[in-house]
Structure formats: C-alpha cells, structure tokens
Amino acid sequence: MTMIAAFFLLAPATSALADIPLLNAKCPGKIEVHADQGGPVYINGKQGKLKKFNNNYYEVRNGGVTISLSINPDGSPSASYTGKGGANGVCNLAGDTGGSAGECPPDVSQADRYKYPACN
C-alpha cells in the first residue's frame, strides 16, 4: 500500500477524533467518563468505540453503556448516558457545580436551565 493510500485510509479516523474535548464526567450508576483532547474516550477506564454523527455530537459505547457527548454552541461539552435495562441520565462534568442556587443568568439556555434552580 502506498503512503498516500494509507493516509487517506487513516484520515477519516483522525479527523473524527479531532473535535473531542478534554473532559471528565461522572454519571449515575457509578459510570465514569474520561476523554483526552482529540480522543480517545474511556468509560470506566476502558476505551470505548466512538461513532461521530457530526462535529457536535458523538456516541461512545463500551460494556453495555452508551455515552452521548455533545458540544454546545458555546464550545462547552455535555454528556449523558444510556445503560443496561434502559437506565439513562445526565452526567456531571468535572468542575460543573450545577450553577449557583441563588441566581439565574439572563443568557442561560433552555437546555441548561436544570443547572440553575433559580431559573425553574
């Protein structure tokens, strides 16, 4: 195989990982997620199989767990999971304190309102 052919075979996999942000998250059910900048993504310490849907949405699977990773318009990541038996929920990202209980930012999106109890 020529070097050019090898490059084109590897290029899609490399670009699929390039948009993955660095993140650490804890999901209900003692599920921990870690992604290095550009990938790979680990679920409970084991590398998951990544599927890219577009530049803002990925799914990672391993051991009966699917992590849905999305990149918000402001560039911040969010993650949720689906597990065995239909278990599902939102994952808490490291450093995500859930917002301040006493204030509702004027620019908070509808999707992020759950992080700010004062908005509800």
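This report describes the fold, strand pairing and selected residues of a predicted model.

**Overall make-up**

The protein contains one helix and ten strands. Read from the N terminus, the order of elements is α-β-β-β-β-β-β-β-β-β-β, with the helix ahead of the strands. Of the 120 residues in the protein, 28% are buried. The accessible surface amounts to about 7700 Å², and carbon and sulfur atoms account for 56% of that surface. When contacts between residues at least 6 apart in sequence are considered, 22% of them link residues at least 24 apart.

**The five-stranded sheet**

Five strands form an open sheet in the order 4-3-2-1-10, and their pairing is antiparallel. Its edges are strand 4 (46-47) and strand 10 (92-93), each of which pairs on one side only. Within this sheet, strand 2 pairs with strand 3. H34 has Y42 in strand 3 as its bridge partner.

**Two strand pairs**

Strands 5 and 6 are also paired, and a hairpin of two residues connects them. K51 has its bridge partner, E59, in strand 6. The table sets this pair beside the pair formed by strands 2 and 3.

| First strand | Second strand | Sense | Bridges |
|---|---|---|---|
| Strand 2 (residues 31-35) | Strand 3 (residues 41-43) | antiparallel | three bridges |
| Strand 5 (residues 49-54) | Strand 6 (residues 57-62) | antiparallel | five bridges |

Strands of a sheet pair through backbone hydrogen bonds, in a parallel or an antiparallel sense.

**The aromatic pair**

There is one aromatic pair in the structure. The ring centres of F53 and Y57 lie 5.2 Å apart and the ring planes meet at 55°, so the pair is classed as tilted. That angle falls between the limits, since planes under 30 degrees apart would count as stacked and planes over 60 as edge-to-face. F53 lies within the residue range of strand 5 (residues 49-54), and Y57 within that of strand 6 (residues 57-62). Are these two residues buried, exposed or partly exposed? F53 is partly exposed, at a relative accessible area of 42%. Y57 is likewise partly exposed, at 26%.

**A buried loop residue**

N72 sits in the loop that runs between strand 7 (65-71) and strand 8 (77-82). Why does N72 count as buried? Its relative accessibility is 18%, and buried means under 20%. Leaving aside residues up to four places away in sequence, N72 touches P77 and S78. Both P77 and S78 fall within the range given for strand 8 (77-82).

Conventions:
Residues are numbered from 1 along each chain as its sequence is written. This is a predicted model: local features need pLDDT of at least 70, side-chain atom pairs count only at pLDDT 80 or more; totals for chains, interfaces and linings use all residues. Side-chain values use heavy atoms; hydrogens and water are left out. Two strands pair if DSSP finds at least two bridges between them. Helices (H or I, at least four residues) and strands (E, at least two) are DSSP runs, numbered from the N terminus. Buried means under 20% relative accessible area, exposed over 50%, partly exposed in between (1.4 Å probe, protein chains only). Contact means heavy atoms within 4.5 Å. Accessible areas come from the Shrake-Rupley method with a 1.4 Å probe; for residues, only the protein chains shown count as cover. Rings of Phe, Tyr and Trp (its six-membered ring) pair if their centres lie within 6.5 Å; planes under 30 degrees apart count as stacked, over 60 as edge-to-face and the rest as tilted.
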